[in-house]
Amino acid sequence: MRDAIAPAVDPYKRFGISYSSSPEALLHQSLLLPLYCCNTLEMKRREPTGPEDPMYGASSPSPSPHVGDSDCRAKKPKGNDHEVFLSFRGEDTRKGFTDHLYNSLASAGIYVFRDDNELRVGEKIGPELLCSITQSKISIPIISENYASSRWCLRELAQMLKCKRSSGQIVLPIFYKVKPCQLRRLTGSLGDAINAHIENLDETVVKEWEEALEEVSSLKGWVSDNVDNGHEGTLVKIVVRKVASELKRLFRLIVPNQLVGIDDRVEEVMSLIDPKSNDTRIVGIYGMGGIGKTTLAKVLYNKLSGDFECLSFVANIREISWRKGIESLQKQLIYDILRSPHDVSTVDEGIGVIKCRFTSKKVLILLDDVDDKTHLNALVGDGSWFKAGSIVIITTRNKSILDEAGVGYMYQLNELSLKQSLILFSRHAFRKDSPEIDYQVNSRDVVSTTGGLPLALEVIGSFLCGKTKKVWKDTSNKLKKVLGKKVQETLRISYEALDFEVQQIFLDIACVFIGSSKQNPTYMWDSCDFFLESGIEVLCVMSPIKIDKDGKLMMHDQLRDFGREIVRLENQKEPQGRSRLWIHEEAIDVLESNKGTSNIEALRLDKCGYRRSYTGELFKEPTSLRFLQVNAANLVGDFLNLLPQLRWLQWEECPLDFAAANFHPKKLVVLDPSWSGISEDRGGWGPVKVRCSREGISLVDSHVLLRVQSHQVLLFSFLFLGEV
C-alpha cells in the first residue's frame, strides 16, 4: 500500500455534482473525473524551510541531487514527484514512529511517499516504486530491529544508495532502537536475518545487501536512543527541520547563467548589513528599470536563505497589486511564512494577521518591484512585526519610497562598466565572453549605445546573434539615434525586426498572458495563424520572453511596459481605438458606454466586471474581439452573429443561470470556466452551442486543460455532455 499527500476531496463534490444513476449524469461524471485527477496531479510543490540540527556520525557531503531519469519520466504519472521517500519495517514502526514522522512531514508541507512493503508481492522492485525512490529528493530509511528480515526493505535501501552514488540523492538514516555498529558487524537480529537470506537467495544479492547496511551505517543520521534520552517526539521535530532545511537548499530562486559583475555588487550590499545581527534589517535596492535589481536581490536571497527558517519571495508587486489587489500579496506572504492558507478580505485584516502571527518568526522576505509606500505598509510595516534577526530586501525604481518608509540600508545599482557590458553582450551575441575578431569594432559601437543596461545588452545581443554585418551596422546607427533616450527606444529596434505575427504574440503576452501556462494561449494563436511554434521560439531566443520551470510565460517588467506602451500609442486619447484593453477601468468604460470598435482584439474586465451584466448590444461593434475575460459577470440578451472572431473566453465564476440567446461563438477554441459551480439543474447552459472550426475545443478548469476532439457541434452544460 502506498500513501502520498493528496486532497481528501470527493471528485464529484469537487465540482458540486450530486450522485445520480441517470445516463446523462453518468456521462457528465465520467468527463469530470479525469479533470479532477489531472487537477490532483498538478498540485503545487510546497517549499518548506527549517534549520539544521546536529546529526550522528561523520559528515558525508554529496552534490545537489539530479532528480529523476528518462525512464521514470516516461513511466511515472505527471505531478507525482515525491520530495521524501520513507522506507521502514511495518511490524516495528508502522503505527508508531513512522506514522508520527510521516504526518509531521506532511503537516510541514512536504510531499512524502511511504512504502508499506508488508503488502508487496514479488521479488523485484516494480517501475513505479523504483521511480518513487529515484525521483525523491531525500530518502529516509528507518532501520529497526527487524528491518533486515524484509527483502523489500533491503532492496529499497540498496536502491537509495545507488541513487546517492549516481545522482547525489540525500540519504538520512534513522537507527531506530539499533546502533550503527550492529549494521557493520551484523550482530544480533540483524545478523540472524542476513544469515536466513543466505540460505534462500543468491550469494551476490545478499552480499549487495550486506554492503548496503555497512555503507548506511557510516552515513550521517540519528540514533533514536541518543536523542533526548529516546523521546521520539524530539527526534521527529529534528528530522522534519533537517528535511525542510535540505529541501530549501535545493530549491533556490532561479537567476540567469550569464551574470557579469554580480559578485562585487553582492559583496557591496552585504557590507551594508551584518547577517549575524540581532536587529531586523530592511534593505532597499533601487535603480532604473532593466538594470538588474531583481537579479541582484535574488542572488542575495539565495546567499542568505540558509540562515532562515521562514522565507518568502513576493514577485512583481507593482503588477499584481494593480491586477489583484494588495490582499493577494498578503495572502501569499502569509502562506509562505506560516505554510498554511489564510483568507484575507481586507488590507487591514492582512496587516493584523502578519503583525500577530509573525512576531515569533525569523524571516527572509524579498519584495520585488515595489512602487508605492502602501505596499510596504501592508506587507512589512517598519520591521517590528518580525522576530529579531529578520531581513527584508526591497527592489524599486523609486528611491523616494525607501526614504518615506525610513529604510535603513539603501543601495543604488548603477550601470555596468564598458568592460562588463562587452562581456555580457558577447555572451548573448557570440555565446562566449568576447566578440569574434571581425566583430570587435561593431560590438564596441553597439555596447557604447546601450548605457550599460543588462536588459538592453541581453535583448540587442540576442537579436544580433548570427546576423550579417549589414544588420549590425543598421542596428548600431538606429541605436545612436536613440542614444540618451529611454531604454524602451532601444528595445523598439528589436521589436520592429520581428515578423507581424510574432509581434502580435509578444503584445498578447505583454498585455494579458504574463504568468499563464505557455500551452493555453497557443490554441488561440494557432487558430489565428500566428505560426505559434516559430513565434515563441523566436521570442525566447531574442529574449523578450522566458518560459519558467513550470512552463509559464514570463517577461521582464521593462519589456512588459514596452509592449503595453506600443498598444497605448495606437490611440493615446481613446482606449477604444487600441487593439488590447487590459486596464480594467478603461475596459469597463468602453464596454458599458457602448464605445467598442473593430480595433479591439483583447478585452480583460477582470475584477472590475464582478457581478455586472453585459448585453449583446454592447458586443456589436468589437467584431475583431478574439480574447474576452468576463470573470463573475453575466451575459444577457441576443448574441446572434456576435463575437465572430472570439477564440478565447475566460469566464471564471460564471453564473449557472445565464440566459443569453443564440450564444454561438463559432471560432472558440479555449473556454476557461475556472472556479464555477454546477448542479443537476443546468439553467441557461443548455442552449450554448459552439462549432469547432479546427481540431477541438480546449476546456480549461482550475488550470487543467482538457482537449475534446470533435468537428461536430458540441452541446455545453458547463462541461461537455457529448456530441449532438
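This report walks through the nonpolar core, the salt bridges and a charged surface patch of one protein chain. The model is a predicted one.

**The core**

Start inside. The largest nonpolar core holds 35 residues. Among these, Ile509, Phe513, Trp525 and Met555 touch the most other members. Six helices each give two or more residues to this core: H21 (454-464), H23 (487-496), H24 (500-513), H25 (519-527), H26 (532-541) and H27 (557-568). Helix H24 supplies the largest share, with nine residues.

Val502 also sits in helix H24. Is Val502 buried or exposed? Val502 is buried, because its relative accessible area is 7% and the cut-off for buried is under 20%. Val502 and Leu539 are 37 residues apart along the chain, yet their C-alpha atoms are separated by 7.6 Å.

Now look at helix H25. How many of its nine residues are buried? Seven are, so H25 is mostly covered. The buried residues of H25 are Asn520, Pro521, Thr522, Tyr523, Met524, Trp525 and Ser527. Trp525 has appeared before, as one of the core residues that touch the most other members. After H25 comes Asp529. The phi angle of Asp529 is positive, near 60 degrees.

**The salt bridges**

Next, the charges. Side chains of opposite charge can pair when their charged atoms come close. In this model the count comes to 23 salt bridges. The table lists three of them.

| Positive partner | Negative partner | Closest N to O distance |
|---|---|---|
| Arg89 | Glu91 | 3.4 Å |
| Arg564 | Glu319 | 2.8 Å |
| Lys470 | Asp474 | 3.0 Å |

Take Arg564 and Glu319, whose side chains meet in a salt bridge. The pair links distant parts of the chain, with the partners 245 residues apart. Arg564 lies in helix H27, and Glu319 lies in helix H14 (residues 317-324). Both Arg564 and Glu319 are buried. Helix H27 is also one of the helices that give two or more residues to the largest nonpolar core.

The salt bridge between Lys470 and Asp474 lies within one helix, H22 (residues 469-481). Why are Lys470 and Asp474 separated by about one helical turn? The reason is that they are four residues apart in that helix. Lys470 counts as exposed because its relative accessibility is 61%, and the cut-off for exposed is over 50%. Asp474 has a relative accessible area of 32%, so Asp474 is partly exposed.

Some salt bridges share partners. Through them, Arg318, Glu319, Asp369, Arg397, Arg560, Asp561 and Arg564 are joined into one network. Glu319 and Arg564, the buried pair described above, belong to that network.

The partners Arg89 and Glu91 form a salt bridge too. Which of them is buried, and which is exposed? Arg89 counts as buried, because its relative accessibility is 10%. Glu91 counts as exposed, because its relative accessibility is 51%.

**The surface patch**

Finish on the outside. Which residues gather in a patch of negative charge on the surface? They are Asp263, Asp264, Glu267 and Glu268. Asp264 has its place in helix H12 (residues 262-272). With a relative accessibility of 51%, Asp264 counts as exposed.

How values were computed: Residues numbered from 1 in each chain as written. Predicted model: local features only at pLDDT ≥ 70, side-chain atom pairs only at ≥ 80, totals over all residues. Heavy atoms only, no water. Patch = residues over 30% accessible without salt bridge, like charges linked within 9 Å, V, L, I, M, F, W, Y side chains within 5 Å. Areas by Shrake-Rupley, 256 points an atom, 1.4 Å probe, with all protein chains shown as cover. Salt bridge = Lys/Arg side-chain N within 4 Å of Asp/Glu carboxyl O. Lys, Arg positive; Asp, Glu negative; His and termini not counted. Charge placed at Lys NZ, Arg CZ, Asp CG, Glu CD. Buried < 20%, exposed > 50% of the residue type's maximum accessible area, 1.4 Å probe, protein only. Core = buried A, V, L, I, M, F, W, Y, C linked by side-chain atoms within 4.5 Å.
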